[in-house]
Amino acid sequence: MSDLESLTPEMFATVANITGERITYIPQGQAALLPKAHVTYGDEIVDIGAGQAVQQDITVSVSKLALPWMPRSADRVRVGQLPGVTFYPATPREDSSGRDWVFDLKVVR
Amino acid sequence: MSLAVEDVRGLLVAKLTTLGQTALRDRDEFDALTEPELPATLVDEPGMVEITNIEGTAGGAAYHAASFALTFAATTSAVAQANFNAALAALMNDYSLGGQVLDITPMNYGGDENGGKDIFAITLEIRVRFLTPPNDFGTLLT
């Protein structure tokens, strides 16, 4: 008999599949993956000595079922709202459930 | 009447401009730079640290020592460092700004801890010494 614990990973994956946004995740030296992820867009204002500057502040949350290894800075990511911009994952960590990877995006320059 | 210290700030902006840098002197502190504007160099309002009257046969002079913060902002650390290095080298190579001031002394430098994701900034603090007539802080003595 199935219990909630055994169903939870699939539930997370299903929710991401229905409500998530398709991203392109390219592991270094491997073929691109197209997982559904929750992407939080936005900019932030940072202090730069005598003034301030605006920088992008995008966070991605993706199921470990769709991305079975911890994101690496050598990998590349593209998101739908910013076509033509290539990012790499920064500060990868787990979410509070332990079922998703959460990482920030930095622009590849 | 503009103050001589603002003229000095203008000289710093002009010097940075000759290096090909976009030097901004009147940018409001809360008017944040956007990525298309970078790289840019902010020339902050001067912080006056010392004014001393000097006695002399020609009526004397007022000696000023003012500090300026120059912030080199860019989307890559390499560009921010390159602009910092270029400015520091140019200011040390022409420390009197063509005879307009007495000298320029580097005081401090540092990266900005709040940036670093896609914005990089290095701040250079300098002290500029210059002269004006006594009781006339609007005329730069050269």
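These are my notebook entries on a predicted model with chains A and B, taken in the order in which I looked things up.

**Chain A on its own**

I began with the fold of chain A, for which I noted 1 helix and 9 strands. Reading along the sequence, I wrote the pattern down as α-β-β-β-β-β-β-β-β-β, with the helix ahead of the strands. For the dimensions I took the C-alpha atoms along the principal axes, and they fill a box of roughly 65 × 30 × 20 Å.

**Salt bridges**

I then searched the whole structure for salt bridges and recorded 12 over all chains. One that I followed up within chain A joins A:Lys64 to A:Glu94, with the closest N and O atoms 2.1 Å apart. A:Lys64 sits in the loop between β6 (59-63) and β7 (76-78) of chain A, while A:Glu94 belongs to strand β8 (residues 87-94) of that chain, so this pair ties together parts that are 30 residues apart in sequence.

**Where chain A meets chain B**

Next I turned to the contact between the two chains, where I listed 20 residues of chain A against 23 residues of chain B. Between them the chains bury about 1,800 Å², and 52% of that area is on carbon and sulfur atoms. I counted 2 salt bridges between chain A and chain B; one of them pairs A:Arg109 with B:Asp118, whose closest N and O atoms are 3.5 Å apart. The count of residue pairs in polar contact between the chains came to 9, with both residues at pLDDT 80 or more.

I also asked which elements of chain A give two or more residues to the side that touches chain B, and I found β4 (43-48), β5 (51-56) and β9 (100-107). Of these, β5(A) gives the most, with 6 residues. Sorted by class, this side of chain A has 9 nonpolar, 5 polar and 6 charged residues.

**The largest pocket**

Last, I looked at the largest pocket, which holds about 220 Å³ of space. I noted 16 lining residues, and those nearest the centre are A:Ala50, B:Arg27, B:Asp28, B:Glu29 and B:Asp44, so named from both chain A and chain B. The elements that give two or more residues to the lining are β5 of chain A and β2 (40-43) of chain B; I had already met β5(A) on the side of chain A that touches chain B. By class, I recorded 9 charged, 5 nonpolar and 2 polar residues in the lining of this pocket.

Methods: Residues numbered from 1 in each chain as written. Chains lettered and ligands numbered in written order. Predicted model: local features only at pLDDT ≥ 70, side-chain atom pairs only at ≥ 80, totals over all residues. Heavy atoms only, no water. Contact = heavy atoms within 4.5 Å. Buried area = accessible area lost by both parts, 1.4 Å probe. Salt bridge = Lys/Arg side-chain N within 4 Å of Asp/Glu carboxyl O. Polar contact = N/O pair within 3.5 Å; in protein donor to acceptor, adjacent residues only side chain to side chain. Helix = DSSP H or I, 4+ residues; strand = E, 2+ residues; numbered from the N terminus. Nonpolar A, V, L, I, M, F, W, Y, C, P; charged D, E, K, R; others polar. 1 Å grid on protein atoms, 1.4 Å probe; cavity = no way out; pocket = protein on both sides within 12 Å on 5 of 7 lines; lining within 4 Å. Points joined across faces, edges and corners; volume = space filled by probe spheres on them.
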